[in-house]
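Below is a short report on one protein chain. It covers the fold, the packing and the charged pairs.

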Amino acid sequence: MKIAIPSATDEGLASMRSGHFGHTPFFTIVEYDDSGTITSVESVQNVDHDEAGCGGVIQYVLTLGVDGILTAGMGMRPLMGFTQNGVTVYSDTDTPNVGEVAQKFARGEVAQMSPDQACHH
């Protein structure tokens with residue numbers, strides 16, 4: 001499984017998480033084997049939200065080949081865009097560090113985001 005975690009910096013698992021999906025400066029891409037062990041970590045720069053718009057960020061993330069996104073916040077439009085394209089969105093609002101939330105995910109301690117959890121702005 002391969003997930004994207006919105007991140008404030010390009011420091012991989014040492015990065016702090018970004019509070020919202022669309023405007024994140026980076027995504028930390030974490031890949032897991034079948035036992036939940038992290039097998040690879042890569043930081044990628046996000047496209048400019050102001051230039052690409054929300055739809056552009058969604059399309060960019062879809063090109064990264066991820067199975068899921070683990071976010072602290074996301075609007076309804078991206079939530080539906082990912083869901084309709086077979087990418088599962090997970091939510092954790094308590095864990096500020098990328099590495100710690102990646103481990104929580106590996107242990108099955110992160111739930112799928114429901115539409116009522118989406119940001120409304």
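How many helices and strands does the protein have? It has three helices and six strands. Helices (H or I, at least four residues) and strands (E, at least two) are DSSP runs, numbered from the N terminus. Along the sequence the order is β-β-β-α-β-α-β-α-β.

This is a predicted model, in which local features need pLDDT of at least 70 and side-chain atom pairs count only at pLDDT 80 or more, while totals for chains, interfaces and linings use all residues. Residues are numbered from 1 along each chain as its sequence is written, and side-chain values use heavy atoms, with hydrogens and water left out.

**Overall figures**

The protein has 121 residues, and 45% of them are buried. Buried means under 20% relative accessible area, exposed means over 50%, and partly exposed lies in between (1.4 Å probe, protein chains only). The exposed surface comes to about 5,900 Å², with carbon and sulfur atoms supplying 47% of it. Those areas come from the Shrake-Rupley method with a 1.4 Å probe. Take the contacts (heavy atoms within 4.5 Å) with a separation of 6 or more: residues 24 or more positions apart account for 51% of them.

**The strand pair**

Strand 2 and strand 3 (residues 38-45) run antiparallel, joined by seven bridges. Two strands count as paired if DSSP finds at least two bridges between them. Phenylalanine 26 stands opposite glutamine 45 in strand 3. The hairpin of strand 2 and strand 3 has five residues between the strands. There, glycine 36 takes a positive phi near 90°.

**Nonpolar cores**

A nonpolar core is a set of buried Ala, Val, Leu, Ile, Met, Phe, Trp, Tyr and Cys residues joined through side-chain atoms within 4.5 Å. The largest one holds 17 residues. Phe21, Phe27, Val61, Val66, Ile69, Met74 and Phe82 touch the most other members. Strand 2 (26-32), helix 1 (49-63) and helix 2 (76-84) are the elements that give two or more residues to this core. Helix 1 gives the most, with three residues.

Which residues does phenylalanine 82 touch, not counting residues up to four places away in sequence? They are Phe21, Ile58, Val61, Leu62, Ile69, Met74, Val87 and Val89. Apart from this core lies another, of 11 residues, among them Tyr32, Leu70, Val101 and Phe105.

**Salt bridges**

A salt bridge is a side-chain nitrogen of Lys or Arg within 4 Å of a carboxyl oxygen of Asp or Glu. The count comes to three.

| Acid | Base | N to O distance |
|---|---|---|
| Aspartate 92 | Arginine 17 | 3.0 Å |
| Aspartate 92 | Lysine 104 | 2.8 Å |
| Glutamate 109 | Arginine 107 | 3.0 Å |

Why does the pair of aspartate 92 and arginine 17 tie together parts that are 75 residues apart in sequence? Aspartate 92 lies in the loop between strand 5 (88-91) and helix 3 (98-106), and arginine 17 lies in the loop between strand 1 (2-7) and strand 2, so the bridge spans that separation. Both residues are buried.

Lysine 104 forms a salt bridge with aspartate 92. This pair also links distant parts of the chain: lysine 104 sits in helix 3, 12 residues from aspartate 92. Lysine 104 is buried too.

Glutamate 109 pairs with arginine 107. Glutamate 109 counts as partly exposed, at 45% relative accessibility. Arginine 107 counts as exposed, at 51%. Shared partners join Arg17, Asp92 and Lys104 into one network of salt bridges.
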